[in-house]
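Please walk me through this structure, with the cut-offs behind each term given along the way.

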Amino acid sequence: MDLVIIKYNAGNIQSVLYALERIGVNALVTDDYEKIKSAGKVIFPGVGEASSAMRYLKEHKLDTLIKDLQQPVLGICLGMQLMCAYSEENDTTCLNIFDEHVRKFIPPTGGEQGGAVGGHSHAGEDAVERLKVPQIGWNNIFNLKTDLFKELPVNSYCYFVHGYYAALGEHTIATADYIQPYSAALHKGNFYGVQFHPEKSAKAGEQILKNFLNL
Amino acid sequence: MLCKRIIPCLDIKDGRTVKGTNFVNLRDAGDPVELGALYAQQGADELVFLDITATVEKRKTLRELVNRIAHHINIPFTVGGGISSVDDVSALLQNGADKISVNTAAFKDPQLIHDLAREFGSQCVVLAIDTRQEEDGEWYVYLNGGRTKTDARCFDWAKQAVELGAGEILLTSMNHDGTKAGFALDITRKLATQLPVPVIASGGGGAMEHFVDVFEQAQADAALAASIFHFKEIAIPELKGYLQGKNIEIRPV
């Protein structure tokens, strides 16, 4: 069964390819319409900016192709966000596979004093956690649903790098918490999307990739 | 909750890992790929590979090494050392690096940070700063692996770099590096609390409580160390267990 990684103007595609190699799976990186259409499974990766990515997909007729895919599809990070209806990142209309909207993280300002900015607050007693945007690093995922997370321990940790997020909704199959709870993963029919990077999430990520391949 | 990160740093020379004390007296500590994979397995959250001789000798970071690392390691990694152009960065990212760090070249041409952020996104642009506190109490920026002093204040440069698009700061205190007496808490805290990007504290981590201090008191987002890991003075699982016991949010091993 052919596994295809969609090639477009986004970074990080090699990393996905290498991660698959590490679990013993070869994939084809391509933007060829027919090859994507006839693949057994499709991964839609990506690190980048939403509007330029959508423009590229449209120019290459990949937008309608992706929406119409019938086989299991896994969107990663920007790929997942592009599968939503809309992104606030440069006011971008996306693929509308998931009807969720993608919004920018707004750091909490503490309401009155702008949090710890100023440098004179005390660090102790769990002072207001300073949350930076983008979120960079490992966060736990919970409320895990579907076989994408099969055999994953509750509160598994995955690696996130993102400044925009999809809110919780009917398609949420994993939750993470940063500033507020949000969708760490989405699912509808044959489409799956994860906000984190399974290709960089150590053993947990490898398990998720294996699970996707076994869907 | 987002976790504090533990980041082993592998200084690279001629494709091998080395670590000096105060940037001199280098000792060989093994093969970067094997060592990196071992750290990943032990629970390291990220890795940093610094080609420490690159700037001085005008060598390009070994792209083949980066490619080999990318094939073998299942956690994010940053590559730095002698990076001075968009083309350098493009090649490293294409070979599988997740982030790159810039230091001297960015100071000499701050536009580089802007260009890199625009081309590849801020999330992969780490600004490394080597800083030393002088007798006047101020922290100054040093270049060329700590060999060249500048008149720039550390905080001012970090702030400017963030405005230009740096997505993370890797802050090394030269006063503390190699001492194993603890991280530079005051300057780390200043950057970590006043800048809107994550700060990786580096230099001086020698005991497990130093990591507690740098996370709790200095509010660093990540802590980087080299020789204590290379020479097994502190094992990463042991360190993470200790931090968890102190109620610091950590990705369990």
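What covers the buried residues of α8 of chain B includes β7 (125-133), β8 (139-143), α7 (154-164), β10 (168-173), β11 (199-202) and α9 (208-216) of chain B. Helices (H or I, at least four residues) and strands (E, at least two) are DSSP runs, numbered from the N terminus, and a residue is buried if 20 or more other C-beta atoms lie within 10 Å of its own, exposed if 12 or fewer, and partly exposed in between, with C-beta atoms placed from the backbone. Because eight of the 10 residues of helix α8 (residues 185-194) of chain B are buried, this helix is largely enclosed by the rest of the structure. The buried residues in α8(B) are B:Leu185, B:Ile187, B:Thr188, B:Arg189, B:Lys190, B:Leu191, B:Ala192 and B:Thr193.

The model is predicted, and local features need pLDDT of at least 70, side-chain atom pairs count only at pLDDT 80 or more, while totals for chains, interfaces and linings use all residues. Residues are numbered from 1 along each chain as its sequence is written, and chains are lettered from A and ligands numbered from 1 in the order in which they are written.

Chain A has six helices and 13 strands, and buried residues make up 48% of its 215 residues. An open sheet of seven strands in chain A follows the order β2-β1-β3-β4-β13-β12-β11, with mixed pairing, where two strands pair if DSSP finds at least two bridges between them. Strands β2 (28-30) and β11 (172-178) of chain A stand at the edges with a single partner strand each, so one side of each is left without a neighbour in the sheet. From one strand to the next, the twist averages 25°; axes are lines fitted to C-alpha atoms, for helices over the stretch in contact, and angles run from 0 to 180 degrees between N-to-C directions.

Within this sheet, β1 (residues 3-6) and β3 (residues 41-44) of chain A pair in the parallel sense over three bridges, and A:Ile5 has A:Ile43 as its bridge partner in β3(A). Helix α1 (residues 13-22) of chain A lies across β1, β2, β3 and β4 (73-76) of chain A, running at about 160° to β1(A).

Between the chains, 31 residues of chain A are in contact with 30 residues of chain B, contact meaning that the C-beta atoms of two residues, placed from the backbone, lie within 7 Å. The largest share of the side of chain A that touches chain B, six residues, comes from α1(A).
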